[in-house]
Amino acid sequence: MTHSYRPSPAVAAALAEGRPVVALESTIITHGMPWPDNLAMARGVEALVRENGAEPATIVVMDGEIRVGLEDADLERLAQARDVLKLSRADLAYAVSAGRTGSTTVAATMIGAHLAGIRVFATGGIGGVHREAETSFDISADLDELARTPVIVVSAGAKAILDLKKTFEVLETKGVPVVGYGCDELPAFWSRDSGIATPIRLDDAYAIASFQKTRLSLGIEGGMLIANPLPAEHEIDSGTIGGWIDQALADASRAGILGKATTPYLLKRIFELSDGRSLASNIELVRSNARLAAAIATALAKG
Ligand code: PSU
Ligand code: MN
């Protein structure tokens, strides 16, 4: 049988047996973190998903093939690769048809996960409405994908480099539920608080699984965003991170950074300005999201 994607043997077996599977993205590896921390993060997160009873499925396009689940050697090759495309809905199929290698953003990872029948996905933070989007029109395709593809995305909210208020407004307009996991205020990626009230609060993985099943049974399409605050001991207070974000945004504007390059540039600049603290928090929040995603996948698999 030919597939539009290639599952690894471990992922294919887990899916065939109805065992819990958690999708993981690859843009965070190629464009979100520096070598070699990116590889250590990716390996660590895969191990954590397994320890929590689920099969990890890192999604990427390699030489024109959508891969769902990677062997360790491929993970290492990806983490070291240069000139990797950053793929979203607009260019996922281009990379396949042209035989290119590209990492998948939240939007493209959701498409790959859904193709393979994976219902939950762990990332760091989604893309969203950039500050001053009223002039740049820069709004991540992640938001539209959440509105149309039925995958639960576990995040620490949207990245705080964005306009968070506008981002959550757009999600509400598009009918995407934003669920605060055990919090009354939505997290802001590197910090636990954003000043924005949680629209829907749920405190356990079973309630989240049941909510998504109910949406599907009512014919309401699309995914949902779970906003999971990072553990308090790893957060950077919003004043401190806010200063580095403002500086990075000013530098980006001076350097004329635009479009797809914006988010990777800002993450790298904040890493430099914070002397690596932003990366340490970023890794911890992804780990926390992977743990929760494994619990949700387990709840979904139980019926
Ligand atoms: N989470 C992280 N680091 C990242 C990303 C998420 O901790 O680099 C990536 C995701 O792939 C997300 C992308 O889809 O950043 C957003 O890119 P853009 O703003 O260009 O849509
Ligand atoms: Mn953009």
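This passage walks through a predicted model, taking its strands, its ligand, its salt bridges and a few backbone details in turn.

A good place to start is strand S2, which spans residues 21-24. In a regular strand, side chains alternate between the two faces of the sheet. The residues of S2 can be read in that light: Val-21 and Ala-23 point one way, Val-22 and Leu-24 point the other way, and all of them are buried. Strand S2 has two partners to look at here. With strand S3, residues 55-62, the pairing is parallel and runs over four bridges; within this pair, Ala-23 stands opposite Ala-57. With strand S7, residues 120-122, the pairing is again in the parallel sense, over two bridges, and Leu-24 has Ala-122 as its bridge partner there.

Further along the chain, strand S9 (residues 178-181) also pairs with two strands. Its parallel pairing with strand S11 (residues 224-227) involves three bridges, and its parallel pairing with strand S10 (residues 200-202) likewise involves three bridges. Gly-180 is a handy landmark in both cases: its bridge partner in S11 is Ala-227, while in S10 it stands opposite Arg-201.

Attention now turns to ligand 1. The shell around this molecule holds 19 residues, the closest being Glu-25, Lys-86, Ser-140, Asp-142 and Thr-263. Sorted by class, the shell comprises four nonpolar, eleven polar and four charged residues. Helix H2 (27-30) and helix H12 (262-273) each contribute at least two residues to it. Several contacts reach oxygen atoms of the ligand. An N or O atom in the side chain of Lys-86 lies 2.6 Å from an oxygen atom of ligand 1. The side chain of Asn-282 likewise offers an N or O atom, 2.9 Å from a ligand oxygen. For Val-106 the contact comes from the backbone, where an N or O atom is 2.9 Å from an oxygen atom of ligand 1. On its own, ligand 1 has 480 Å² of accessible area, and the protein covers 94% of this.

Charged pairs offer another way to find one's way around the model. Side chains of opposite charge can pair when their charged atoms come close. Across the whole structure, a search finds 20 salt bridges. One of them joins Arg-43 and Asp-72, whose closest N and O atoms are 2.8 Å apart. Since Arg-43 belongs to helix H3 (residues 37-51) and Asp-72 to helix H4 (residues 72-80), this salt bridge ties together parts that are 29 residues apart in sequence. Arg-43 is partly exposed, at a relative accessible area of 34%, and Asp-72 is partly exposed too, at 39%.

A second salt bridge connects Arg-89 with Glu-145, with 2.7 Å between the closest N and O atoms. Arg-89 sits in the loop between strand S5 (85-87) and helix H5 (92-97), and Glu-145 in helix H8 (residues 141-148), so this pair ties together parts 56 residues apart in sequence. Here the two partners contrast in exposure: Arg-89 is partly exposed, with 36% relative accessibility, whereas Glu-145 is buried, with a relative accessible area of 1%.

A third salt bridge, between Asp-246 and Arg-131, has its closest N and O atoms 3.4 Å apart. This pair links distant parts of the chain, 115 residues apart: Asp-246 is in helix H11 (residues 238-255), and Arg-131 is in the loop between S7 and helix H7 (133-136). Asp-246 is partly exposed, with a relative accessible area of 45%, and Arg-131 is partly exposed at 34%. In addition, salt bridges with shared partners join Asp-251, Arg-254, Lys-268, Arg-269 and Glu-272 into one network.

Finally, three details of the backbone deserve a look. The peptide bond leading from Trp-35 to Pro-36 is cis, with omega near 0°, and Pro-36 is placed in the loop between H2 and H3. Phe-137, although not a glycine, has a positive phi of about 60°. This residue is in the loop between H7 and H8 and counts as exposed, at 68% relative accessibility. Phe-189 also has a positive phi, near 65°, without being a glycine. Phe-189 is found in the loop between S9 and S10, and it is buried, with a relative accessible area of 1%.

Key: Residues numbered from 1 in each chain as written. Chains lettered and ligands numbered in written order. Predicted model: local features only at pLDDT ≥ 70, side-chain atom pairs only at ≥ 80, totals over all residues. Heavy atoms only, no water. Buried < 20%, exposed > 50% of the residue type's maximum accessible area, 1.4 Å probe, protein only. Pairing = 2+ DSSP bridges. Near = heavy atom within 4 Å. Polar contact = N/O pair within 3.5 Å; in protein donor to acceptor, adjacent residues only side chain to side chain. Areas by Shrake-Rupley, 256 points an atom, 1.4 Å probe, with all protein chains shown as cover. Nonpolar A, V, L, I, M, F, W, Y, C, P; charged D, E, K, R; others polar. Salt bridge = Lys/Arg side-chain N within 4 Å of Asp/Glu carboxyl O.
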